[in-house]
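Biologist: I would like to learn how the words we use for a structure follow from its atoms. Please take me through this one, and let me ask about each word as we go.

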Amino acid sequence: MRPDGNVRIDVERSILQSADEAAAAIRALLAERRIYALNLISSPGSGKTTLIEALLARFEGKGGVAVVEGDIETEIDAERIRKHGVQVRQINTRSTCHIQPSRLLSVLREMDLSETRLLLVENVGNLVCPAEVPLGEDARVVLLSVTEGDEKPLKYPLVFRTSDLLVITKIDLLPYVTFDVDRVRRAARAANPAVEIFEVSATAGAGMSGLLDRIEALRATKN
Amino acid sequence: MHELGVAAEILDIALSEAERRAAGKVTSVRLRVGVLRSIEPENLSFLFEHLARGTPAEGALLEIVEEPLRVECEACGVSEAPSFTWECPRCKGTGVSVTGGDSLSILSLDIES
């Protein structure tokens with residue numbers, strides 16, 4: 001009993017518990033089917049959909065890629081991916097700025113994943129909310145384009161702390177912008193010493209094969 | 001606005017705990033929030049107050065215990081920083097790794113029994 005007559009009860013519970021439970025259910029579903037899942041996070045326009053297209057080209061003929069697109073509104077990204085002839089679902093999150101694990105779980109349960117080996121989840125374009133909510137993924141990939149500025153790891157610390165791969169994109173534009181790659185590398189390593197960093201340009205092709213090789217190798221770990 | 005989802009989750013947990021203990025009203029919720037979470041306390045309180053209207057948690061206060069950033073510096077050991085940095089707050093070295101500051105949990109509730 002407290003002086004005001006109220007009772008204090010200890011709870012000690014994570015606020016993200018229900019999201020964590022849904023993420024655990026996704027992880028179990030993926031483990032059972034031996035599907036390797038990537039959660040792609042970045043600001044709008046950093047190159048998430050372009051990376052997905054490059055991965056689809058890499059895995060073409062090898063089969064087994066499924067894609068889930070997250071956006072506030074529209075089916076634009078899903079339509080773009082559908083042209084590649086792969087299974088794709090669009091989640092419109094409306095007022096929510098990230099994909100909720102419960103929503104992803106129900107979408108995955110509706111999909112035919114019998115042939116799927118690699119699942120690519122493109123989160124809603126921002127560096128804040130998607131960082132907070134695990135989706136049961138095997139690896140989290142954060143993309144940062146050089147046009148966004150090199151201070152992003154300072155401004156959005158959590159996403160850089162929780163990502164396994166950092167992909168610095170559009171490096172063909174480095175001569176035209178002020179972007180200190182080493183500054184980003186140092187900050188990202190402080191946030192997460194184990195982070196793997198890639199520098200790529202999808203249009204010029206630089207660095208892409210190394211990144212795609214790495215993702216292919218990661219996927220193979222779950223055979 | 002990422003505080004909206006967090007506020008909704010806090011309310012859900014508070015209401016289910018209160019119901020489990022047959023409490024009439026929730027008067028206060030204590031939280032631990034790490035600086036890495038980038039939660040704006042005023043925004044969180046505003047959204048919680050709005051969502052809690054018409055529930056047993058209406059008018060409940062959110063008491064936020066801030067968790068500082070914890071960094072481990074190669075040169076000078078463990079340190080804390082009140083705001084976000086990837087440098088050691090003491091020696092400004094960059095040989096640091098972040099070891100804490102991402103809590104997001106409910107510590108306790110005050111209820112009218």
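Modeller: Let's start with helices and strands: they are DSSP runs, H or I over at least four residues for a helix and E over at least two for a strand, numbered from the N terminus. By that count chain B has two helices and six strands, in the order α-β-α-β-β-β-β-β along the sequence. Chain A has nine helices and eight strands.
This is a predicted model, in which local features need pLDDT of at least 70 and side-chain atom pairs count only at pLDDT 80 or more, while totals for chains, interfaces and linings use all residues. Residues are numbered from 1 along each chain as its sequence is written, and chains are lettered from A and ligands numbered from 1 in the order in which they are written.

Biologist: What makes chain B more spread out than a compact globule?

Modeller: We use the radius of gyration, taken over C-alpha atoms, and the globule rule, 2.2 Å times the number of residues to the power 0.38. For the 113 residues of chain B the rule gives 13 Å, but the chain has 17 Å, well over that value, so chain B is called more spread out. Its C-alpha atoms fill a box of roughly 55 × 25 × 15 Å along the principal axes.

Biologist: How do you know that chain A agrees with the rule?

Modeller: A compact globule of 223 residues would have a radius near 17 Å, and chain A has 19 Å, which agrees. Its C-alpha trace spans about 70 × 45 × 35 Å along the principal axes.

Biologist: Why is β7(A) called mostly covered?

Modeller: A residue is buried if 20 or more other C-beta atoms, placed from the backbone, lie within 10 Å of its own, exposed if 12 or fewer, and partly exposed in between. In β7(A), residues 165-169, four of the five residues are buried. In chain A as a whole, buried residues make up 42%, and in chain B 37%.

Biologist: How do you know that β7(A) pairs with β8(A)?

Modeller: Two strands pair if DSSP finds at least two bridges between them. β7(A) and β8(A), residues 196-199, are parallel and have four bridges, with Leu165(A) and Glu196(A) as bridge partners. From β7(A) the chain crosses through α8(A) to β8(A), and this β-α-β crossover is right-handed (with the strands pointing away from the viewer, the path from the first strand over the helix to the second runs clockwise). β7(A) also pairs with β6(A), residues 139-145, in the parallel sense over five bridges, where Leu144(A) stands opposite Ile168(A).

Biologist: What makes residues of chain A and chain B count as touching?

Modeller: Two residues are in contact if their C-beta atoms, placed from the backbone, lie within 7 Å. That puts 28 residues of chain A in contact with 30 of chain B. β1(A) gives the most to chain A's side, with eight residues. β1(A) also pairs with β6(B), residues 104-112, in the antiparallel sense over six bridges, and Arg8(A) has Asp110(B) as its bridge partner.

Biologist: What is the largest nonpolar core made of?

Modeller: A nonpolar core is a set of buried Ala, Val, Leu, Ile, Met, Phe, Trp, Tyr and Cys residues joined through C-beta atoms within 7 Å. The largest has 67 residues, and Leu120(A) and Val121(A) touch the most other members. Apart from it lies another core of 24 residues, including Val33(B) and Leu47(B).
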